[in-house]
Every structure is written in structure tokens, then in C-alpha cells.
Amino acid sequence: MLPMRRTSKSKVRTRRSHQALKAVNYTLCPKCSQSILPHTACNNCGYVNPNLTLKLGKEETD
Ligand SMILES: [Zn+2]
């Protein structure tokens, strides 16, 4: 079975008008000004918010 009608250029282009990728939203860490994702801990210094900073230790593989 084949489709009854070929999809027009306009239909294809209208459908694909929603497929564009959005830019990832980055913010800057207030302590070390590295780019971080919002609501996550900083990878560089572990800063989360003024009351919470994670201690980043190097993972040891023994
Ligand atoms: Zn940081």
C-alpha cells in the first residue's frame, strides 16, 4: 500500500518548523564563574547555594 497523496513541501516544512534544537541554558557559578547548569552543583568548586557547598573529593579507584 502506498500513501494516497504525496505530502506537500508546505506540509513537510510546517511539520519540521518545530524540530529546531534549543540552546542549552547555562548560568555562571558565582564563586568561580564557571558555566554550570541551573539548579545543579558546580563541577569545579561544588558550590550549590550560599548555605550549601559540596565537598568535592577525588574518587579513588583501588
Ligand atoms: Zn564554582
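Is His39 buried or exposed? I looked this up first. His39 is exposed, because 8 other C-beta atoms lie within 10 Å and the cut-off for exposed is 12 or fewer. The residue sits in the loop between strand 2 and strand 3 (47-49). Its phi is near 65 degrees, a positive value in a residue other than glycine. I note as background that most residues other than glycine have a negative phi.

**Confidence**

I am working from a predicted model, so I checked the pLDDT before reading further. The chain averages a pLDDT of 90, and 92% of the residues score at least 70. By element, I found the highest confidence in helix 1 (residues 9-16), at 97. Strand 4 has the lowest, at a mean of 88. I keep in mind that where pLDDT is low, the predicted coordinates should not be read in detail.

**Overall layout**

I listed the elements next. The chain has one helix and four strands, and from the N terminus on they run α-β-β-β-β.

I then looked at the extent of the chain. The radius of gyration is 23 Å, whereas a compact globule of 62 residues would have one near 11 Å. Taken along the principal axes, the C-alpha atoms fill a box of roughly 65 × 35 × 15 Å. Buried residues make up 3% of the 62 residues. I also looked up the contacts between residues at least 6 apart in sequence: 0% of these join residues at least 24 apart.

**Ser33**

I looked up a second positive phi. For Ser33 the angle is near 50 degrees, and the residue is not glycine. Ser33 is found in the loop between strand 1 (27-28) and strand 2 (35-36). I put Ser33 down as exposed, because it has 10 C-beta neighbours inside 10 Å.

**Gln19**

Where does Gln19 lie? I place Gln19 in the loop between helix 1 and strand 1. Gln19 counts as exposed because it has 6 C-beta neighbours inside 10 Å. I took one distance from here: the C-alpha atoms of Gln19 and Ala41 are separated by 30 Å, with these positions 22 residues apart along the chain as the separation in sequence.

**Tyr47**

Which residues does Tyr47 touch, not counting residues up to four places away in sequence? I find Cys29, Lys31, Ala41, Cys42 and Thr53. Tyr47 belongs to strand 3. I enter Tyr47 as partly exposed, because 19 other C-beta atoms lie within 10 Å and a buried residue needs 20 or more. For one of the contacts, Lys31, I also noted the C-alpha to C-alpha distance to Tyr47: 7.3 Å, at 16 residues apart in sequence.

**Leu56**

I finished toward the end of the element list. Leu56 lies in the segment after strand 4 (52-53). Its 13 C-beta neighbours inside 10 Å are why I enter Leu56 as partly exposed; an exposed residue would have 12 or fewer. Leu56 and Cys45 are eleven residues apart in sequence, and their C-alpha atoms are 7.1 Å apart in space.

**Summary of entries**

I close with the burial states. Entered as exposed are His39, Ser33 and Gln19. Entered as partly exposed are Tyr47 and Leu56.

Key:
Residues numbered from 1 in each chain as written. Predicted model: local features only at pLDDT ≥ 70, side-chain atom pairs only at ≥ 80, totals over all residues. Helix = DSSP H or I, 4+ residues; strand = E, 2+ residues; numbered from the N terminus. Rg over C-alpha atoms; globule rule 2.2 N^0.38 Å. Contact = placed C-beta atoms within 7 Å. pLDDT = per-residue confidence, 0-100.
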